Amino acid sequence: MATNKNDIDAALIESVKKGDTQAFRQLVDKYKDVSLSLACSILKDKEKAEDVLQDAFMKVFQKANSFKHQSAFSSWLYRIVVNTAYNELKRNKSYSDLDDLNSTESLAKDKTAIQFLKEEEQKKYVILALDRLKADEALVLRLFYLCDMSLKEVQQITNFTSSKIKVDLHRGRKNMEIVLKDLLGNQLKDLL
């Protein structure tokens, strides 16, 4: 029986290889939010990112048989999303400001309304700050911190060198702090 995330994903992808669309739906539901976030970090346009995400998931379904379990399914998927987004960016050089990505989450039972609002406000400003960063910096920050991926996994997904990832992480953190200070001024320490 599948016991961890990778085992569950492996079982689902094996079902997808056999044509199980319900298993594919489970994978889409599980990874769509992070995948959309990655595409948005590159394209800076939510509608284009949604189109890219649809294309990427179609590629995943069509190429499921090529997945060899040499890496985590999420790494393979995110690599397809990133490649598809960069290809779209190359095809269509113009892009506009990112729509508000703040999705309203249900209030957890153990959270107070004030805690919930503070977390939502933090997310809003983090998303705004990521949108103002260079695409490569925003991408590696999202993969490393939000997706909790290792440097090696980020390297597999982006095809960036290890040193570029480290530089982008360093610059991204510094630039994010600058952007947050610009957005929030003295309120930055209150928010965090």
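Here are a few friendly notes on the core, one pocket and the aromatic pairs of this predicted model.

1. **The nonpolar core.** A good place to start is the largest nonpolar core, which holds 52 residues. Within this core, Phe73, Leu77, Tyr78, Leu139 and Leu143 touch the most other members. Two or more residues each come from H1 (5–17), H2 (21–43), H3 (46–62), H4 (73–91), H5 (113–132), H6 (135–146), H7 (151–158) and H8 (162–184), which are helices. Helix H2 gives the most, with 11 residues. As background, nonpolar side chains in soluble globular proteins tend to be buried together.

2. **Phe73 up close.** If you click on one residue of that core, try Phe73. Leaving aside residues up to four places away in sequence, Phe73 touches Asp9, Ile13, Leu27, Tyr31, Val60 and Phe67. Phe73 also belongs to a cluster linked by ring pairs, together with Tyr31, Phe67, Trp76 and Tyr78.

3. **Aromatic pairs across helices.** The model has eight aromatic pairs. One of them joins Phe24 and Phe57 in an edge-to-face arrangement, with 6.4 Å from centre to centre and 80° between the planes. Because Phe24 sits in helix H2 and Phe57 in helix H3, this pair ties together parts that are 33 residues apart in sequence. Both Phe24 and Phe57 are buried.

4. **A tilted pair.** Phe67 and Trp76 make another aromatic pair, this one tilted, at 5.0 Å centre to centre and 45° between the planes. Are these two residues buried or exposed? Phe67 counts as buried because its relative accessibility is 3%. Trp76 has a relative accessible area of 16%, so Trp76 is buried as well, the cut-off being under 20%.

5. **The second largest pocket.** What lines the second largest pocket? Its lining consists of Lys5, Asn6, Lys30, Tyr31, Val34, Ala72, Ser74, Tyr78, Cys147, Asp148, Met149 and Glu153. The space inside this pocket is about 170 Å³. Helices H1, H2 and H4 each supply at least two lining residues, and the largest share, three residues, comes from H2. Sorted by class, the lining has six nonpolar, two polar and four charged residues.

6. **Where the topics meet.** Two residues are worth displaying together. Tyr31 lines the second largest pocket, touches Phe73 and takes part in the ring cluster. Tyr78 is also in the pocket lining and in the ring cluster, and Tyr78 is among the core residues that touch the most other members.

Definitions and conventions. Residues numbered from 1 in each chain as written. Predicted model: local features only at pLDDT ≥ 70, side-chain atom pairs only at ≥ 80, totals over all residues. Heavy atoms only, no water. Core = buried A, V, L, I, M, F, W, Y, C linked by side-chain atoms within 4.5 Å. Buried < 20%, exposed > 50% of the residue type's maximum accessible area, 1.4 Å probe, protein only. Helix = DSSP H or I, 4+ residues; strand = E, 2+ residues; numbered from the N terminus. Contact = heavy atoms within 4.5 Å. 1 Å grid on protein atoms, 1.4 Å probe; cavity = no way out; pocket = protein on both sides within 12 Å on 5 of 7 lines; lining within 4 Å. Points joined across faces, edges and corners; volume = space filled by probe spheres on them. Nonpolar A, V, L, I, M, F, W, Y, C, P; charged D, E, K, R; others polar. Phe/Tyr/Trp six-rings, centres within 6.5 Å; stacked < 30°, edge-to-face > 60°.
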